[in-house]
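These are my notebook entries on one protein model. I set down what I looked up, in the order in which I looked.

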Amino acid sequence: MSEVFEGYERQYCELSANLSRKCNSTSLLPDGVEKNAKVNEIKSGLDDCDVLIRKMDLEARSLQPSVKAMFLAKLNEYKSDLNKLKREFKRITSGDVSQASREELLEAGMADAHSVSTDQRERLTMSVERLNQSSDRIKESRRAMLETEELGVSVLEDLHQQRQTLLHAHNKLHGVDDAIDKSKKVLSSMSRRMTRNKWIVGAVIAALVVAIIFIIFFKTSYH
């Protein structure tokens, strides 16, 4: 559905109903300043109706073919309604309103001076219903958008927590790597010391062996 078209439609229906009431009341007035003022108001309203009809026409023709025909059919109804209003306006301004017509209009005005025609009321009711439906759809879309936004925020929070967990684990692994490197250095140092100590012990043992052999050889030679 076109919200733009429906906006123009609502404005037209309200304006058309108002002009219909003014035509009924103006036709009952005698010629004079008050009637001329009403006639000018009706003429200005008819011009506004023409503008709204053109806007609805442009909007309807810009829609998809699947809905264009429906809106154009509604537009034809509004064009017919506007032509009726123009004919009524012409009849009022032409001065051909008979006394009988005046009396009929007076009776109709006394019965319901501020009411609109049945067709106009139906159009207004349909327009209001469509606007309410559009409002409900907008509210539903907004609710779905808010739910999606909340879900997105929740997912982002979960991802942030997971990132913090990974960073913490990475820091722990980095600390373990440092400890392993230090342990390797300590083991290497201990290995070098053990090797050096082995050489020292070996040298001492060798010196002792040589000394013992020398002592034995000396004692043997002496005897």
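**Entry 1. Overall fold**

In what order do the elements of the protein run from the N terminus on? I read them as α-α-α-α-α. I recorded five helices and zero strands for the secondary structure. I noted at the outset that this is a predicted model.

I then looked up burial for the chain as a whole. Of the 223 residues in the protein, 22% are buried. The accessible surface comes to about 16400 Å², and carbon and sulfur atoms account for 59% of that surface. I also checked how far along the chain the contacts reach. Of the contacts between residues at least 6 apart in sequence, 77% join residues at least 24 apart.

**Entry 2. Helix H3**

I compared the length of H3 with expectation. The helix has 30 residues, which at 1.5 Å a residue should span 44 Å. I found its end C-alpha atoms 43 Å apart, in agreement with that figure.

Which residues of H3 are buried? I listed Phe71, Leu72, Lys74, Leu75, Tyr78, Asp81, Leu82, Leu85, Phe89 and Ile92. I kept a general point beside this list: an α-helix has 3.6 residues a turn, so residues three or four places apart point the same way. Two of the listed residues, Phe71 and Tyr78, come up again in the next entry.

**Entry 3. Aromatic pairs**

How many aromatic pairs does a search of the whole structure find? I obtained two. The ring centres of phenylalanine 5 and phenylalanine 71 are 4.6 Å apart and the planes stand at 65°, so I entered this pair as edge-to-face. Edge-to-face requires planes over 60 degrees apart. Phenylalanine 5 lies in helix H1 (residues 3-26) and phenylalanine 71 in helix H3 (residues 65-94), so this pair ties together parts 66 residues apart in sequence. I found both phenylalanine 5 and phenylalanine 71 buried.

For tyrosine 12 and tyrosine 78, I read ring centres 5.3 Å apart and planes at 55°, so this pair is tilted. The tyrosine pair also links distant parts of the chain, with tyrosine 12 in helix H1 and tyrosine 78 in helix H3, 66 residues apart. Is tyrosine 12 buried or exposed? I found tyrosine 12 buried, and tyrosine 78 likewise.

I looked up one further relation between these parts of the chain. Alanine 17 is in helix H1, and I counted alanine 17 as buried because its relative accessibility is 3%. The C-alpha atoms of alanine 17 and leucine 85 are separated by 9.9 Å, although the two residues are 68 apart along the chain. Leucine 85 is among the buried residues of H3.

**Entry 4. Salt bridges**

I counted eight salt bridges and examined several. Lysine 22 and glutamate 41 meet through their side chains at 3.3 Å, N to O. This pair links lysine 22 in helix H1 with glutamate 41 in helix H2 (residues 33-61), 19 residues apart. Glutamate 41 has 35% relative accessibility and therefore counts as partly exposed.

Aspartate 31 forms a salt bridge with lysine 35, where the closest N and O atoms are 3.2 Å apart. Which side of this pair is buried and which exposed? Aspartate 31 is exposed, at 68% relative accessibility, whereas lysine 35 is buried, with a relative accessible area of 7%.

I next took the side chains of aspartate 50 and lysine 86, which meet in a salt bridge at 3.0 Å, N to O. Aspartate 50 lies in helix H2 and lysine 86 in helix H3, so the pair ties together parts 36 residues apart in sequence. Lysine 86 is partly exposed, with a relative accessible area of 32%.

I also looked at serine 44, which has its place in helix H2. At 39% relative accessibility, serine 44 counts as partly exposed. The C-alpha atoms of serine 44 and leucine 19 are 9.9 Å apart, and the residues are 25 apart along the chain.

**Entry 5. Surface patch**

Which residues form a nonpolar patch on the surface? I identified Ile200, Val204, Leu208, Ile212 and Ile216, with about 460 Å² of accessible area together. Valine 204 lies in helix H5 (residues 118-222). I entered valine 204 as partly exposed because its relative accessibility is 44%.

Conventions: Residues numbered from 1 in each chain as written. Predicted model: local features only at pLDDT ≥ 70, side-chain atom pairs only at ≥ 80, totals over all residues. Heavy atoms only, no water. Helix = DSSP H or I, 4+ residues; strand = E, 2+ residues; numbered from the N terminus. Buried < 20%, exposed > 50% of the residue type's maximum accessible area, 1.4 Å probe, protein only. Contact = heavy atoms within 4.5 Å. Areas by Shrake-Rupley, 256 points an atom, 1.4 Å probe, with all protein chains shown as cover. Patch = residues over 30% accessible without salt bridge, like charges linked within 9 Å, V, L, I, M, F, W, Y side chains within 5 Å. Salt bridge = Lys/Arg side-chain N within 4 Å of Asp/Glu carboxyl O. Phe/Tyr/Trp six-rings, centres within 6.5 Å; stacked < 30°, edge-to-face > 60°. Expected span 1.5 Å × (residues − 1).
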